[in-house]
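Dear colleague,

Please find below the structure that I am handing over to you. The findings follow directly after it.

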Amino acid sequence: TFCKATDPVMPIWDKLKGTDGSILQTYGGEYKYDKRNVALLKTRGKDRGVRIAYGKNITDFKRTEDALETYDSVVAFWKSNDANTVWGSVVQKSGSTFAQQRTLILDVSSDFQSAPTTAQLTAKATSYRNANATNSPAVSIDVSFVPLWQTDEYSDVTGLEQLEKVELCDTVTVDYEPLGISLKTKVVKTVYDV
């Protein structure tokens, strides 16, 4: 059962999406809701074939890279309560693109009861590197565009507006030739001017 008499009292929205064991965490998917109904769907949006492109309907384009979580090497260490520290060897990641080396320092003190060997720590670093093998910074793209389905040209012909309609969670193709970007992406946020 989803709710038990012994569960702590909390807002229903937290039970739907915000806590451990919530409906969203348990079953996955995407919510679609209005003022009266909440539906949990496997996928909320569609790929309608809409193309957002430079010279067509883009009004603003921002590409942001966040390299704070990227690194090109890993080193593991173990520290005891009496301040004894053992270090493993530095494990490189292939394909590094940084001008200066960025090393992730991995604390594995809770994984060993007694002092591990350098080889054990190096193995932990290698395992972590293999499981988290990205060298690329996280890229975020914000695109603003003219909603063509709301223009007079598209409303004059019946059904034409459906060819360019974009809703939340839809998949769209973004083409921005000046930066060499051509990708399919999901709409994760919409802003309406009421």
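**Charged side chains**

Lys165 and Glu167 meet through their side chains in a salt bridge, with 3.8 Å from N to O. The coordinates belong to a predicted model, and every value in this message should be read with that in mind. Both partners of this bridge are partly exposed: Lys165 has a relative accessibility of 25%, and Glu167 has one of 31%. The bridge does not stand alone, since salt bridges with shared partners join Arg48, Lys165, Glu167 and Asp170 into one network.

In the whole structure, the search finds nine salt bridges. Two further ones deserve a description, as each of them connects separate parts of the sequence.

One of these is formed by the side chains of Lys186 and Glu30, at 2.4 Å from N to O. Lys186 belongs to strand E11 (residues 181-186) and Glu30 to strand E1, so this bridge ties together parts that are 156 residues apart in sequence. The two ends are classified as follows: Lys186 is partly exposed, at 34% relative accessibility, whereas Glu30 is buried, at 17%.

The other joins Glu164 to Lys56, whose closest N and O atoms are 3.2 Å apart. Glu164 sits in the loop between helix H4 (152-155) and E10, and Lys56 in the loop between E3 and E4, so parts 108 residues apart in sequence are tied together by the pair. Here the acidic residue, Glu164, is buried, with a relative accessible area of 11%. Its partner Lys56 counts as partly exposed, at 35% relative accessibility.

**Aromatic rings**

Four aromatic pairs are found when the whole structure is searched. Tyr54 and Tyr176 make up one of them, an edge-to-face pair with 5.2 Å centre to centre and 75° between the planes. This pair, too, links distant parts of the chain: Tyr54 is in the loop between strand E3 (47-53) and strand E4 (58-66), while Tyr176 is in strand E10 (residues 171-176), 122 residues apart. Tyr54 is exposed, with a relative accessible area of 52%; Tyr176 is buried, with a relative accessible area of 17%.

Tyr176 also pairs with Phe61. The ring centres of Phe61 and Tyr176 are 4.1 Å apart and the planes are at 5°, so this pair is stacked. The assignment rests on the limit for stacking, which is planes under 30 degrees apart. Phe61 in strand E4 and Tyr176 in strand E10 are 115 residues apart, and the pair again links distant parts of the chain. Phe61 is buried, with a relative accessible area of 13%. Taken together, ring pairs link Tyr54, Phe61 and Tyr176 into a cluster.

**A hairpin and a surface patch**

Strand E1 (residues 30-33), which carries Glu30 of the bridge described above, pairs with strand E2 (residues 38-41) in the antiparallel sense, over four bridges. Four residues form the hairpin connection from E1 to E2. Within this pairing, Tyr33 stands opposite Val38 in E2.

Tyr33 and Val38 also appear in a nonpolar patch on the surface, together with Ile12 and Trp13; the accessible area of these residues together is about 420 Å². Ile12 is located in helix H1 (residues 12-18). Ile12 is exposed, with a relative accessible area of 58%.

**The chain as a whole**

The secondary structure of the protein chain consists of four helices and 11 strands. The chain has 194 residues, of which 26% count as buried; Glu30, Glu164, Phe61 and Tyr176 are among the buried residues. Of the contacts with a separation of 6 or more, 57% are between residues 24 or more positions apart. The chain exposes about 13800 Å², and carbon and sulfur atoms supply 50% of this area.

Yours sincerely

Definitions and conventions
Residues are numbered from 1 along each chain as its sequence is written. This is a predicted model: local features need pLDDT of at least 70, side-chain atom pairs count only at pLDDT 80 or more; totals for chains, interfaces and linings use all residues. Side-chain values use heavy atoms; hydrogens and water are left out. Rings of Phe, Tyr and Trp (its six-membered ring) pair if their centres lie within 6.5 Å; planes under 30 degrees apart count as stacked, over 60 as edge-to-face and the rest as tilted. Helices (H or I, at least four residues) and strands (E, at least two) are DSSP runs, numbered from the N terminus. Buried means under 20% relative accessible area, exposed over 50%, partly exposed in between (1.4 Å probe, protein chains only). Contact means heavy atoms within 4.5 Å. Accessible areas come from the Shrake-Rupley method with a 1.4 Å probe; for residues, only the protein chains shown count as cover. Two strands pair if DSSP finds at least two bridges between them. A salt bridge is a side-chain nitrogen of Lys or Arg within 4 Å of a carboxyl oxygen of Asp or Glu. Patches are made of residues with over 30% relative accessible area and no salt bridge: like charges are joined within 9 Å, nonpolar side chains (Val, Leu, Ile, Met, Phe, Trp, Tyr) within 5 Å.
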